[in-house]
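Reader: Hey, can we go through the salt bridges in this one together?

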Amino acid sequence: MDEAAIILTTLVAYKVMMIFVGLWAASRNRSEADFFLGGRGLGPLVAGLSYAASTSSAWVILGFSGFVYAIGLSALWMIPGVWAAYAVVWLYFGRQLRQESLEHQQVTLTDFLLHDSSGDLKRIATVAAAVLVVFCFVFYVAAQLDAAGNALTENFAIATPTAIVTGAVIVVFYSLVGGFWAVSVTDTIQAAIMMLVSVGVPLAALVAAGGPVEMWTTLTAAMPTAYLQLDGGHAGLVLLGFAVGLVGMSLGALGQPHLLARLMAVRGETERRQGYAIVFGWGIVVFAGMVVLGLSGRALVPEIGNPETLFYRAASDYLPVVLAGIATAATLSAVMSTVDSLLLSAAGAVAHDMGVNRRFPGREAMASRAAMFGVAALAVVLALSLPDTIFNRVLFAWSALGAAFGPIVLFRVMGRDVAAAPALAAMLSGFAVAVLFYSLGSAPAGDSLLSQAAHLPGDPFERVAPWLPPMLILWFFTQKRRK
């Protein structure tokens, strides 16, 4: 049996299992909280690993490994920020998110953000938050579908549009059927798979490169000196901007609805602390593996057309055919793991936050599933009409939504009342500044200082600057919560 046949067989078997998980989970959806939060009954393993898979799928396995391949050791600046975000979300945000969402029966992150608000302005802020979630997640889902489409095209020589649509149909089916439980259980399985392939494929590439010493010697002789330096050859303000930009990517995790939902859904405080340990251990293994793969891949293949295909190429070239097929199929499935969580959060924004469910009493589940299908359709259109790298799409959605919601979550956890007016102003200002710098970074560099700054490596302005206006607004227009 050749590799393509093994990949196809593994994919079919895996997707059949996902469908059965969805059918099993369907019986557990008796209420809106069941569909969107799994009845708040997640244990530490499911909560931790499903969080890990949702926060780090295509952009780590494909995007980060390609990033290391492209720029070398300076990519490591991203890792401390990611691990710090794990700690902030699980150890600092987590306790209040879990307790308050349970006490006040909050279903979505928007419920938590606007709990202190009331009146017509709260309604406007709620709709605005829902629109931002849908807008950003359409970009995010498109990035994941691109990753799945690239993999299918690479291995089966089928047209990219067909591959993207196929990937979308597979994920949407089990997400529609099983809701949060199906999403969380499938993500748990996929996170475990990602950990295994993050050890196996990099190890095979490292052995093929002759081991650590030979790999380093090859890179030293073939690559510029800056490639193997943590500063990437930058100095002064450029180095500062580079480091801040990469570390600052972690800020986005503080405002992602699909990630924070795991903290709202975890069963108890013991499970929350155990879940953090699981997430952190997972992150160490996966990121270390992708660094080894990026460097080994560069030593073995000095030039590759698209660095984001490095993982698939390494699996195919350096693993036995059976293992290569299984690794590729498993990774393709894991890449899809973020799509289901994003679709569920976007459906919650439309169905719950916008009040669509209330217009269909007795048919709330149908309205939620229709919203999920609509978001998926928009993402497919974006993936087909506006091609971009996985990394760029994910970073835009990540940064924009993080800047819109993260500061509000932070201030509420700090014990401050956030009324509707400052919440709305914070959301819109954070999102607007993120879009501004993303647009500047996408345009050809000009002569102005602002234009040059927007093109610093790591894009510090796009990652960090959007947090400044909402933080100032919330600092001056919120007050300490009364006990």
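Author: Sure, one term to begin with: buried means under 20% relative accessible area, exposed over 50%, and partly exposed in between (1.4 Å probe, protein chains only). This is a predicted model, where local features need pLDDT of at least 70 and side-chain atom pairs count only at pLDDT 80 or more, while totals for chains, interfaces and linings use all residues. Residues are numbered from 1 along each chain as its sequence is written, and side-chain values use heavy atoms, with hydrogens and water left out.

Reader: Ok, so how many salt bridges are there?

Author: The count is 7, taking a salt bridge as a side-chain nitrogen of Lys or Arg within 4 Å of a carboxyl oxygen of Asp or Glu.

Reader: What does Asp317 pair with?

Author: Arg313, at 3.6 Å from N to O. Both sit in helix α13 (residues 310-318), 4 residues apart, about one turn of the helix. Helices here are DSSP runs (H or I, at least four residues; strands are E, at least two), numbered from the N terminus.

Reader: Is Asp317 buried or exposed?

Author: In between: Asp317 has 44% relative accessibility, so it counts as partly exposed. Arg313 is partly exposed too, at 36%.

Reader: New topic: which residue does Glu100 bridge to?

Author: Arg412, with the closest N and O atoms 2.8 Å apart. Glu100 is in helix α5 and Arg412 in helix α17 (residues 390-413), so the bridge ties together parts 312 residues apart in sequence. Both Glu100 and Arg412 are buried.

Reader: And what about Arg98 and Glu269?

Author: Their side chains form a salt bridge, 2.9 Å from N to O. Arg98 lies in helix α5 (residues 78-103) and Glu269 in helix α12 (residues 269-300), 171 residues apart. Arg98 is buried at 12%, and Glu269 is buried at 16%.
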